[in-house]
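Student: Could you take a close look at one part of this model for me? I'd like to see how that part ties in with whatever surrounds it.

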Amino acid sequence: MKQLGLLSFFLVLNCASSKALDSLDYRQKKNLTIASSTVGVVYAGSISLLYKTWYQNQSTGKFQLFNDALEWKGMDKIGHFTTSWWISQALLDVQESISLPHESSVIRSAATSLAFMTTIEVFDGFSEGYGFSFADMGANALGITLFTLQELKWGEQRLLAKYSYHNSNESQLRPDLLGATLPEKMLKNYNAQNYWLSFPINKVCSKFEKVPAYLSFSVGYGVSGLYGAKDNSYLNLFDLNPSFDYSRQSHYYFSFDIDLQKIPIRGKAWKLFTSLVRWVKIPAPSLAFNKSTGLKFYPIYW
C-alpha cells in the first residue's frame, strides 16, 4: 500500500507539471526540482510514519468499502473538506515562495493534495474497523475543487475554510473516543469543533467595496450531544444527570471574521504568524441557531 501511494504521488505530480516545464527558465526549473523533491520527501515520510504508527497493526490484508456518509452529523466530512483545502493551500504557498508560475503551481498543489488524501483512504480500506469511504473521497475532492477554482478564477482564496475550538463536556464521558488531552480533543471531539466559511464583505457587491479588505462575513456549523458516530446508545451504561441535555443537535452560526493576512502590516514575523493561523476563526459577535433553543446572540463566540 505504501509503495502504491508513493507511486501514485509521483505519477500525478509529473503529469501535472510536464506541460509547465517547457515554459520555465533554468532558475524556475531548478526551483521546481527542489520543491518537488522536498514535497516528495515530506509526503513519503509522513505517509510512512502514519502507516507505521496507526495502520500497520490494523491491517487486514483485504480491501473493503465503508459507508459512513451519515455518521457524526457530517462533521467528519467537513473535516475532510477543510483538511484537503488546507493542504492544497500550504503546497501552493511553498511553490509561490520560490516564484514558480501560479497556474501550474495550483494544479500541482491540487494533484498532490488529492494523492495524499487518497493514500490515507486506501490505508483505511485495508484497516480493521474501517474501510474505503466514497463519502470521504467526495469531501476531499470538493475541498480541493473549491480551492482550485478560486485560484484559477481570482488568483486568491476569497472564500476561506476555517476552524475553531471551544470546551465541551462530552469528552468527559467518552475520553477513549473523543479525546482525553487537549490535542486529542481538538482532533477527535466533534462536539468542541466548529467549521466556518468566511468571505470578504467588500467582495459581496459594489455597495460594500469601501469596507476594509480584512473584514469578512462568516457562516459556521457545529454539533453537540454526539457520544457515538450514529447514535448515543453508549449513554445507556451511565446514570445520567437529568438536568443535562444529551440530545444530538446541529448548530448553525452567523458571525464576522478577520483575514489577518489582509491587514496592512509588513514584516516577516507578521507574515509567518498570519500564515500559520490563517485558518483559525477569529472570535467575534455571533448569532447561533438550533432547533431546541432557536436563535441566540453571543457578544463573543469562538
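Tutor: Let's settle one term before we dive in: a residue counts as buried under 20% relative accessible area, as exposed over 50%, and as partly exposed in between. With 34% relative accessible area, K73 is therefore partly exposed, whereas W72 has 9% and is buried. Keep in mind that this is a predicted model.

Those two residues make a good way in. W72 sits in the loop between α2 (26–55) and α3, and K73 is found in the loop between α2 and α3 too. Now look at the backbone. Most residues other than glycine have a negative phi. W72 has a positive phi of about 55° although it is not a glycine, and K73, also a residue other than glycine, has a positive phi near 50°.

Where does W72 end up? It belongs to the largest nonpolar core, a set of eleven residues that also includes M75, Y163, Y165, Y190, Y221 and V223. Strands β1 (160–165) and β3 (215–224) each supply at least two residues of this core. V223 is a handy one to click on, since it links back to the loop: leaving out residues up to four places away in sequence, V223 touches K73 and M75, plus Y190, N191, Q249, S250 and H251. Another core lies apart from this one; it has nine residues, among them L92, V106, A139 and F147.

Next, the sheet itself. It is an open sheet of six strands, antiparallel in its pairing, and the order is β1-β2-β3-β4-β5-β6. At the edges are β1 and β6 (294–301), each pairing on one side only. Ignoring direction, neighbouring strands are turned by 25° against each other on average. Helix α3 (residues 75–96) packs on this sheet, where it touches β1, β2 and β3, and its direction makes about 50° with that of β2.

Zoom in on β2 (residues 193–200). Six of its eight residues are buried, so β2 is largely enclosed by the rest of the structure. On one pairing, six bridges join β1 and β2 in the antiparallel sense, and S164 has N194 in β2 as its bridge partner. On the other, β2 and β3 run antiparallel and are joined by seven bridges; there, W196 has G220 in β3 as its bridge partner.

Staying in β3, have a look at S216, which is found in this strand. S216 has a relative accessible area of 5%, so it counts as buried. Setting aside neighbours within four places in sequence, S216 is in contact with S198, F199, P200 and I201, and also with S255, F256 and D257.

From β4 (249–258) the chain goes on to the loop before α9 (268–277), and that is where I263 has its place. I263 and L215 are 48 residues apart along the chain, yet their C-alpha atoms are separated by 9.1 Å. Again leaving aside neighbours within four places, I263 is in contact with Y214, I258 and W270.

At the other end of the sheet, β5 (residues 284–290) pairs with β6 over six bridges in the antiparallel sense. F289 stands opposite L295 in β6 there.

For contrast, turn to a helix pair. The axes of α4 (residues 102–125) and α5 (residues 134–154) come within 10 Å and cross at roughly 170°, which makes α4 roughly antiparallel to α5. On the α4 side, the residues that meet α5 include V106, A110, L114 and M117, while the α5 side includes M137, I144, F147 and L152. The residues of this contact divide into eight nonpolar, six polar and four charged. V106 and F147 turn up in this contact, and both are also among the residues of the nine-residue core.

Finally, zoom back out. The chain has nine helices and six strands, and 43% of its 302 residues count as buried. Among the contacts with a separation of 6 or more, 70% come from residues 24 or more positions apart.

Notes. Residues numbered from 1 in each chain as written. Predicted model: local features only at pLDDT ≥ 70, side-chain atom pairs only at ≥ 80, totals over all residues. Heavy atoms only, no water. Axes fitted to C-alpha atoms, helices over the stretch in contact; angles between N-to-C directions. Helix = DSSP H or I, 4+ residues; strand = E, 2+ residues; numbered from the N terminus. Parallel < 35°, antiparallel > 145°, perpendicular 65-115°, else oblique. Contact = heavy atoms within 4.5 Å. Nonpolar A, V, L, I, M, F, W, Y, C, P; charged D, E, K, R; others polar. Core = buried A, V, L, I, M, F, W, Y, C linked by side-chain atoms within 4.5 Å. Buried < 20%, exposed > 50% of the residue type's maximum accessible area, 1.4 Å probe, protein only. Pairing = 2+ DSSP bridges.
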